[in-house]
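Subject: Structure handover

Hi,

Here is the structure for you to look over. My notes follow below.

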Protein chains: 2
Amino acid sequence: MKKKAVINDSPVCQVRMQAISDTMSILSGKWKFHILGTLIEGSKLGFMDLLREIDGIGSKMLSKELQDLEMNHLVSRTVMDTKPITVEYAITEYGATLSPLINELAKWGIEYRQSIHGSKGV
Amino acid sequence: MKKKAVINDSPVCQVRMQAISDTMSILSGKWKFHILGTLIEGSKLGFMDLLREIDGIGSKMLSKELQDLEMNHLVSRTVMDTKPITVEYAITEYGATLSPLINELAKWGIEYRQSIHGSKGV
DNA sequence: GAAAGTACTTTCCAAAAGGAAACTACCCTA
DNA sequence: TAGGGTAGTTTCCTTTTGGAAAGTACTTTC
């Protein structure tokens, strides 16, 4: 009995799956989308600003996630030579290409909430 | 010295952030997007089919993730009364509303790969 | 009646993720 | 010179995640 050739294991599909894995590995963790979302809304924020803006995050996580995002060129880090030195974090032009994705994420989440409340068991 | 009112903590923004958290918590884990992506491509697959299709997943994870997705009405599970009983997993109509999101995810990942190869350091 | 296929579940373990609190280091103001 | 603000880092700990392997249960085929 031959094993049925289930679906599409064509290159396009494998590339697609790989692409999804790539995106998710770059944006993994509990806080990446929050940080990016915050920086997309209010460009140029300091470390303490982000710590205050993003509800629940601690300095360790914020620091680590910002480093990840910077490494992937999604956010920029600029040390200003103000007197108590400050650092400006901002979304890069490249990071801004995530806007459509983040919008889809938000849109789906909003519709999800509505579907829970507005229906009798989906 | 008054604390600067950093950005938009208007209800819309909080709702948006909450929505992103909701979506991500439903789609958390290493395999959800793979499973959904696979079921969107080839509707109606058995447990063993999925196990073979999704490279690297084990039966424990597949089982657990399918239960999660079923609980959230994103996939359906139908026990067929064939002789060695088989189970058909399929994406629900509701689960299909994730297609645009998954497409964005894939699209961004593909462009990401291109940006790595095609540029001199972004 | 043994093997193999369906669909899982259970156990046991290792690694990764994440959080609280304390600590560094530097500067300014009072 | 003590307190408070900047921007983090370090330590220690718990929780979560995920994987390998074996087990369950039932059926059909050889």
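Which residue of chain B comes closest to the rotation axis? B:Leu101 does, with its C-alpha at 3.3 Å.

Some ground rules before the rest. This is a predicted model: local features need pLDDT of at least 70, side-chain atom pairs count only at pLDDT 80 or more, and totals for chains, interfaces and linings use all residues. Residues are numbered from 1 along each chain as its sequence is written, chains are lettered from A and ligands numbered from 1 in the order written, and side-chain values use heavy atoms, with hydrogens and water left out.

The two protein copies

Chain B superposes on chain A after a rotation of 180° with 0.0 Å of shift along the axis (RMSD 0.1 Å). The fit is by least squares on the C-alpha atoms of residues with pLDDT of at least 70 in both copies. That is the relation of a two-fold axis. Both copies use the same surface: 100% of the contact residues of chain B recur in chain A (contact means heavy atoms within 4.5 Å).

DNA strand D

DNA strand D is surrounded by 19 residues. A residue counts as near a strand if one of its heavy atoms lies within 4 Å of it. The closest are A:Ser63, A:Arg77, A:Tyr89, B:Lys30 and B:Lys60. Sugar and phosphate make up 71% of the strand D atoms that come within 4 Å of the protein.

Polar contacts here are pairs of N or O atoms within 3.5 Å; within protein, one must be able to donate a hydrogen and the other to accept it, and residues adjacent in sequence count only if both atoms are side-chain atoms. The side chain of A:Arg77 has an N or O atom 2.5 Å from a phosphate oxygen of strand D. For B:Trp31, a polar side-chain atom lies 3.1 Å from a phosphate oxygen of this strand. A:Met48 uses a backbone N or O atom, 3.1 Å from a phosphate oxygen.

H4(A) gives the most to this surface, with four residues. Helices (H or I, at least four residues) and strands (E, at least two) are DSSP runs, numbered from the N terminus.

DNA strand C

Here 18 residues surround the strand. Among the closest are A:Lys60 and B:Tyr89. A:Lys60 reaches a base: a polar side-chain atom lies 2.3 Å from a base oxygen. The side chain of B:Tyr89 places an N or O atom 2.7 Å from a phosphate oxygen. H4(B) gives the most to the surface near strand C, with four residues.

Best wishes
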